[in-house]
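The exercises below ask the reader to work through a protein model element by element. Each task is followed by a solution in steps.

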Amino acid sequence: PSSVDEDAFLLPMTPLQRRIWREDRARSGTSALNGAFRVEITGPLDTGILTQAIRLLGDRHEILKASCVVIDGEPQLVVRPGLLHELAVVDLSHFPVKEADAAAEQQCAEIAKRPFDLENGALGLFTLIRIEPERAILTLTFHQMIIDGWSVSLLLGELPQLYVSISENDPSRVPAPKLQFGDYAAWLEAA
């Protein structure tokens with residue numbers, strides 16, 4: 001798209017993001033620029049609370065609601081506050097454990113290879129693969145346009161905190177992030 005929704009706002013791209021954008025355009029339809037991460041979960045898990053935690057994570061970090069837009073020939077990030085992250089659930093718990101484990105590995109590989117459309121939709125995908133009633137894998141797949149190693153460690157640390165705070169009816173317990181990606185991009189641009 002070349003226009004921005006009324007409730008959306010623009011953020012500048014960093015030099016690295018501009019390079020990633022050009023590379024993505026050259027490799028249209030590829031997953032080469034995806035980052036896939038997984039978390040093994042054991043014990044009781046409420047998928048409704050996990051979905052709420054993922055949505056809250058997206059609300060707390062504007063970059064998770066970003067996609068790309070070209071305005072006057074220049075790529076920019078557009079943040080769409082109304083974008084909701086959903087949790088896809090794949091239930092393999094009805095298979096014998098060995099088969100479920102193998103199918104889960106295959107699912108993780110397939111999810112990691114799904115290409116993102118930089119201009120349309122979310123650049124992150126959350127999938128829960130339930131292997132047994134109290135054992136699952138949570139996959140988080142992002143386009144490199146919105147994530148790096150430091151960001152992933154931040155999100156992976158924050159997500160369980162949000163899950164617990166929501167399950168205890170106290171989502172405000174987790175402090176709000178002090179900075180957003182736009183603050184970092186503005187700092188880089190000024191430097």
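The exercises treat the sheet, one of its strands, the side-chain pairs and one helix in turn.

The model is predicted: local features need pLDDT of at least 70 and side-chain atom pairs count only at pLDDT 80 or more, while totals for chains, interfaces and linings use all residues. Residues are numbered from 1 along each chain as its sequence is written, and side-chain values use heavy atoms, with hydrogens and water left out.

**Exercise 1. The sheet**

Determine the strand order of the open sheet of 4 strands and identify its edge strands.

Solution. Helices (H or I, at least four residues) and strands (E, at least two) are DSSP runs, numbered from the N terminus. Two strands pair if DSSP finds at least two bridges between them.

Step 1. The order is E2-E7-E6-E5, and the pairing is mixed.

Step 2. E2 and strand E5 (87–91) are the edge strands, each of which pairs on one side only.

Step 3. From one strand to the next the twist averages 20°, where axes are lines fitted to C-alpha atoms, for helices over the stretch in contact, and angles run from 0 to 180 degrees between N-to-C directions.

Step 4. Strand E2 (residues 34–42) runs antiparallel to E7 and is joined to it by 9 bridges. Within this pairing, Thr42 has Arg135 as its bridge partner, and Ala36 stands opposite Thr141.

Step 5. Strand E6 (residues 124–132) pairs with E7 in the antiparallel sense over 8 bridges, among them that of Arg130 with Ala136. The two strands are connected by a hairpin through 2 residues.

**Exercise 2. The surroundings of strand E7**

Establish how many residues of strand E7 (residues 135–143) are buried, and on which faces they lie.

Solution. Buried means under 20% relative accessible area, exposed over 50%, and partly exposed in between (1.4 Å probe, protein chains only).

Step 1. In a regular strand the side chains alternate between the two faces of the sheet.

Step 2. One side of E7 carries Arg135, Ile137, Thr139, Thr141 and His143, and the other carries Ala136, Leu138, Leu140 and Phe142; all are buried.

Step 3. Because 9 of the 9 residues of E7 are buried, the strand is largely enclosed by the rest of the structure.

Step 4. His143 serves as an example: at 1% relative accessibility, His143 counts as buried. Leaving aside residues up to four places away in sequence, His143 touches Ile20, Asp24, Leu33, Asn34, Phe116, Leu118 and Leu123, contact meaning heavy atoms within 4.5 Å.

**Exercise 3. The aromatic pair**

Classify the geometry of the 1 aromatic pair in the structure.

Solution. Rings of Phe, Tyr and Trp (its six-membered ring) pair if their centres lie within 6.5 Å; planes under 30 degrees apart count as stacked, over 60 as edge-to-face and the rest as tilted.

Step 1. The ring centres of Phe126 and Phe142 are 5.7 Å apart and the planes stand at 85°, so the pair is edge-to-face.

Step 2. Since Phe126 lies in strand E6 and Phe142 in strand E7, the pair ties together parts that are 16 residues apart in sequence.

Step 3. Both Phe126 and Phe142 are buried.

**Exercise 4. A salt-bridge network**

Find the partners of Arg38 among the 10 salt bridges.

Solution. A salt bridge is a side-chain nitrogen of Lys or Arg within 4 Å of a carboxyl oxygen of Asp or Glu.

Step 1. One partner is Glu40, with the closest N and O atoms 3.2 Å apart.

Step 2. Another is Glu105, at 2.8 Å from N to O. This pair links distant parts of the chain, with Arg38 in strand E2 and Glu105 in helix H3 (residues 97–112), 67 residues apart.

Step 3. Arg38, at 35% relative accessibility, is partly exposed, and Glu105, at 42%, is also partly exposed. Shared partners join Arg38, Glu40 and Glu105 into one network.

**Exercise 5. The faces of helix H5**

Decide which residues of helix H5 (residues 181–190) are buried, and against what they pack.

Solution.

Step 1. The buried residues are Phe181, Gly182 and Ala185. Viewed down the axis of H5, they fall within an arc of 95°, so they line one face of the helix; the arc is that of the directions from the helix axis to the C-beta atoms.

Step 2. These buried residues pack against strand E1 (9–11), helix H1 (15–26) and strand E4 (74–79).

Step 3. Trp187 and Ala190 are exposed, on the face turned away from the buried side of H5.
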